[in-house]
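Let's walk through this model together, one selection at a time. Keep your viewer open and follow along.

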Amino acid sequence: MSTPANKFLPNPKTIAIVGCPFSGGQPKLGVDKGPIHLVEAGLISQLEELGWKVSFDGHHQFESIATEDDPPIGILKNPRLVSRVCESVAQVVGAHAKNGQLPLTLGGDHSLAMATLSGTLSTYPDACVIWVDAHADINTVESTDSGNIHGMPVSFMLGIGQKVDEFSWVKPLLKPERLVYIGLRDLDAGEKRILKENNIKAFSMHEVDKYGIGKVVEMALDAVNPKRDLPIHLSFDVDALDPSVAPSTGTPVRGGLTFREGHYICEAIHETGLLVALDLMEVNPFLADSESVRQTVAVGCSLVRSALGETLL
């Protein structure tokens with residue numbers, strides 16, 4: 001399988017896997033085991049077979065902050081833990097990007113995206129972000145009902161909403177016109193308002209149904225990368241897929257992307273030759289029977305391979 005030249009990565013093309021067994025941005029146990037399952041499923045050798053050099057020096061060991069030392073700030077849960085973990089991951093992702101490697105971050109919950117986007121945008125300030133998810137994860141301190149920070153990383157990166165001292169390290173490096181969503185279908189009222197107020201381009205499942213996934217990806221790229229010359233950060237939450245495809249995730253929502261639609265997005269992004277960073281988030285091996293877990297982990301590995309050059313022919 002030949003891989004089109006990447007416009008930003010030097011040869012030999014190297015992937016740096018950043019394993020993030022972290023669950024502090026949401027309440028369900030098990031999402032911290034997602035990266036371990038993905039690596040154990042053979043992901044490294046699968047990527048090497050696609051012609052990549054793969055660097056992986058073990059999963060990150062995160063300091064644990066006792067709950068009594070981490071009371072809520074407002075209603076934000078585990079704020080100090082999430083902040084410290086994300087700050088350390090941001091430095092790691094940023095260092096890989098600066099070294100000309102493609103950081104592949106395996107989550108863990110999606111609060112980690114404030115880390116991965118911080119790392120990418122510190123190196124590629126004009127990168128655009130393609131966020132594939134059932135959820136917009138753009139709640140602010142004021143709009144969140146749950147206080148779970150995995151529903152908030154985008155607002156931190158955009159610098160919208162009330163500032164929280166604990167997260168002062170997060171710089172608003174993401175511009176609204178550089179962000180596009182694909183696959184949305186479960187938004188809070190506050191999030192819908194935030195998307196409209198900031199004129200953020202979003203393609204919900206309604207548009208996927210109406211136009212088909214090929215056209216949606218083309219329109220998404222036209223919105224944030226019209227000349228196809230900017231680096232791309234793809235952040236993929238497995239709950240973007242329908243639960244029949246990827247059941248083992250924390251907040252499944254019916255009516256999601258099919259197996260092929262999810263893979264097409266990854267294939268099309270790869271074909272641009274512009275991908276500089278990839279997140280695969282929210283695989284949770286604790287939330288389903290063993291066959292569903294195996295299926296979800298296999299799909300997760302398959303999505304990563306598609307984004308990194310695996311083709312059907």
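How many helices and strands are there in the protein chain? Colour by secondary structure and you should find ten helices and eight strands. Bear in mind throughout that this is a predicted model.

**The whole chain**

Start with everything selected. The radius of gyration of the protein chain is 18 Å, close to the 20 Å that the globule rule gives for 313 residues, so the chain is as compact as a globular protein of that length. Along the principal axes, its C-alpha atoms fill a box of roughly 50 × 40 × 40 Å. Of the 313 residues, 60% count as buried. Contacts reach across the sequence too: among those with a separation of 6 or more, 75% are between residues 24 or more positions apart.

Now switch on the surface. The accessible surface of the protein chain comes to about 12400 Å², and 51% of that belongs to carbon and sulfur atoms. If you colour by charge, look for 26 positive and 39 negative side chains. The centres of these two sets lie 6 Å apart.

**Helix H6 and what follows it**

Select residues 189-197, which form helix H6. Which residues of H6 are buried? They are Gly-190, Glu-191, Ile-194 and Leu-195. Look down the axis of H6: these buried residues fall within an arc of 135 degrees, so they line one face of the helix. Turn to the other side of H6 and you meet Ala-189, Lys-196 and Glu-197, which are exposed.

What do the buried residues of H6 pack against? Show strand S5 (179-184) and strand S6 (201-204), as these are their packing partners.

Step on to Asn-198, in the loop between H6 and S6. Asn-198 counts as partly exposed, at 24% relative accessibility. Not counting residues up to four places away in sequence, Asn-198 touches Ile-160 and Pro-176. For a sense of distance, draw a line from the C-alpha atom of Asn-198 to that of His-233: the two are 35 residues apart along the chain and separated by 20 Å. Asn-199 also follows H6, and its phi is positive, near 55 degrees.

**Two buried stops**

Next, pick Phe-167, in the loop between helix H5 (153-158) and S5. Is Phe-167 buried or exposed? Phe-167 is buried, with a relative accessible area of 4%. Leaving aside neighbours within four places in sequence, the contacts of Phe-167 are Pro-79, Val-82, Ser-83, Met-114, Ile-149 and Phe-156. Add Arg-80 to the view as well: it is 87 residues from Phe-167 along the chain, yet their C-alpha atoms are separated by 8.4 Å.

Then move to Thr-116, which sits in helix H4. Thr-116 is buried, with a relative accessible area of 0%. Beyond its neighbours within four places in sequence, Thr-116 is in contact with Val-93, Thr-105, His-233, Asp-279 and Met-281.

**Backbone features worth a zoom**

Before the last stops, a reminder: most residues other than glycine have a negative phi, and most peptide bonds are trans.

Where are the cis peptide bonds on this tour? One joins Asn-11 and Pro-12, with omega at about -5 degrees. Pro-12 lies in the segment before strand S1 (14-20). Another cis peptide bond joins Gly-107 and Gly-108, where omega is about 25 degrees. You will find Gly-108 in the loop between strand S3 (102-107) and helix H4 (113-123).

Now for two residues with a positive phi. Select Arg-228, in the loop between helix H8 (213-224) and strand S7 (232-237). Its phi is near 55 degrees, a positive value in a residue other than glycine. Arg-228 is partly exposed, with a relative accessible area of 27%.

Finish at Glu-282, in the loop between strand S8 (275-281) and helix H10 (290-307). Although Glu-282 is not a glycine, it has a positive phi of about 75 degrees. Is Glu-282 buried or exposed? At 3% relative accessibility, Glu-282 counts as buried, while the cut-off for that label is under 20% relative accessible area.

Conventions. Residues numbered from 1 in each chain as written. Predicted model: local features only at pLDDT ≥ 70, side-chain atom pairs only at ≥ 80, totals over all residues. Heavy atoms only, no water. Buried < 20%, exposed > 50% of the residue type's maximum accessible area, 1.4 Å probe, protein only. Helix = DSSP H or I, 4+ residues; strand = E, 2+ residues; numbered from the N terminus. Arc of directions from axis to C-beta. Contact = heavy atoms within 4.5 Å. Rg over C-alpha atoms; globule rule 2.2 N^0.38 Å. Areas by Shrake-Rupley, 256 points an atom, 1.4 Å probe, with all protein chains shown as cover. Lys, Arg positive; Asp, Glu negative; His and termini not counted. Charge placed at Lys NZ, Arg CZ, Asp CG, Glu CD.
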